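This explanation walks through one protein model, beginning with a sheet and ending with the pockets. Keep the sequence and the structure in view while reading.

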Amino acid sequence: MIKLENISKRFDDNPVLKGIDMRVNKSEVVVIMGPSGSGKSTLLRCITFLEEPNAGVVSLGGNKVEASHEKRKTDIRLLRQNTGFVFQQFNLFPHKTALENVMEGPIVIKKMDRHKAKELAVSLLDKVGLANRMDHYPAQLSGGQQQRVAITRALSMEPKVMLYDEPTSALDPELVREVLQVMKDLAKEGMTMVVVTHEVAFARDVADRVIFMDDGVIVEEGSPQEIFFNPKEERTKHFLQDVSEEV
């Protein structure tokens, strides 16, 4: 579903990604972990060209974009239309209700009939347990509820892949569980997902594969069992020692 070839990214003279190769299969859940500054979020953003890689190729389904060539806007637009992106911050429209936030994309970008867009939004909000919060504005919702609206908004575009950039990092601990439960449910339904997170329990329980990154490279990857209980690389072992209380 996703294929990254030799993805490199630098900011000024600072190399952040150093030739990343990665594949994600259909319906696979891949969790990317690593210390701060290791390039995890940058890699995720490069998949949709929110950050433009300096070199490499991104393929998603049948769509392929090469960083080294002049990029057609159509190619990047197609890439983004096939991905749902959930950020640390919720980025909801404050002047629109939860329902209106979810309807916006299908109406504006996909030119969906307003009645159909509303039916879709109602169905998705009900799916994530927000049927009784549809007419509430973001300021009237908890952080966990806002993030569930953000996930629903991404799903409303009917993406092939969902990308999550530390989706629970801005939440109070008691609100994390409700967001992770929605993500777990999506994984069970077969949604292809790439998740940057420090939630070890989620990675252990839900991921098909865990990738450990450090200093702009993939240090190690494997099943949750392999990474968390039998890591091969010293850098992985040292990182896991720091989060050992969560494993």
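Two strands are said to pair if DSSP finds at least two bridges between them. The model discussed here is a predicted one. In it, strands S1 and S2 are joined by eight bridges and run antiparallel. One position to look at is isoleucine 2, which has valine 24 of S2 standing opposite. The two strands form a hairpin, with two residues between S1 and S2. Aspartate 12 lies in that turn and has a positive phi of about 60 degrees. Most residues other than glycine have a negative phi.

S1 also pairs with another strand. Strand S1 (residues 2-11) and strand S4 (residues 55-60) are antiparallel and share five bridges. Among the partners, leucine 4 is bridged to valine 58 in S4, and serine 8 is bridged to alanine 55 in S4. S4 is in turn joined to S5 by four bridges, and these two strands run antiparallel. Here leucine 60 has asparagine 63 in S5 as its bridge partner. S4 and S5 form a hairpin with two residues between the strands, and glycine 61 in this hairpin has a positive phi near 60 degrees.

These pairings can now be put together. The result is an open sheet of four strands in the order S2-S1-S4-S5, with antiparallel pairing. Which strands stand at the edges? They are strand S2 (14-24) and strand S5 (63-66); each has a single partner strand, so one side of each is left without a neighbour in the sheet. From one strand to the next, the twist averages 15 degrees.

The edge strand S5 also shows how side chains are arranged. In a regular strand the side chains alternate between the two faces of the sheet. Along S5, Asn63 and Val65 point to one face and are buried. Lys64 and Glu66 point to the other face and are not buried.

Helices lie across the sheet. Helix H1 (residues 40-47) crosses S1, S2 and S4, and runs at about 120 degrees to S1. H2 lies across S4 and S5, at about 125 degrees to S5.

Several loop residues deserve a look. Lysine 111 sits in the loop between H3 and helix H4 (114-127). Although lysine 111 is not a glycine, its phi is positive, at about 60 degrees. Is lysine 111 buried or exposed? Its relative accessibility is 67%, and exposed means over 50%, so lysine 111 counts as exposed. Glutamate 158 is found in the loop between H5 and strand S7 (161-165). Glutamate 158 also is a residue other than glycine with a positive phi, near 50 degrees.

Threonine 97 is in the loop between S6 and H3. With a relative accessible area of 8%, threonine 97 falls under the 20% limit and is therefore buried. What does threonine 97 touch, leaving aside its neighbours within four places in sequence? Its contacts are Met134, Asp135, His136 and Tyr137.

The last topic is the pockets. The largest pocket has a volume of about 580 Å³. It is lined by 23 residues, and those closest to its centre are Thr83, Phe85, Ile109, Arg153 and Met157. Helix H2 (73-81), strand S6 (83-86), helix H3 (98-108) and helix H5 (143-155) are the elements that give two or more residues to this lining. H3 has the largest share, with six residues. Sorted by class, the lining of the largest pocket holds 11 nonpolar, eight polar and four charged residues.

The second largest pocket contains about 230 Å³ of space. Its lining has 16 residues, of which Thr168, Val176, Thr197, His198 and Glu199 are the closest to the centre. Helix H6 (173-188) and helix H7 (200-206) each supply at least two residues of this lining. The largest share is that of H6, with four residues. By class, the lining of the second largest pocket divides into seven nonpolar, four polar and five charged residues.

Note on methods. Residues numbered from 1 in each chain as written. Predicted model: local features only at pLDDT ≥ 70, side-chain atom pairs only at ≥ 80, totals over all residues. Heavy atoms only, no water. 1 Å grid on protein atoms, 1.4 Å probe; cavity = no way out; pocket = protein on both sides within 12 Å on 5 of 7 lines; lining within 4 Å. Points joined across faces, edges and corners; volume = space filled by probe spheres on them. Nonpolar A, V, L, I, M, F, W, Y, C, P; charged D, E, K, R; others polar. Axes fitted to C-alpha atoms, helices over the stretch in contact; angles between N-to-C directions. Contact = heavy atoms within 4.5 Å. Buried < 20%, exposed > 50% of the residue type's maximum accessible area, 1.4 Å probe, protein only.
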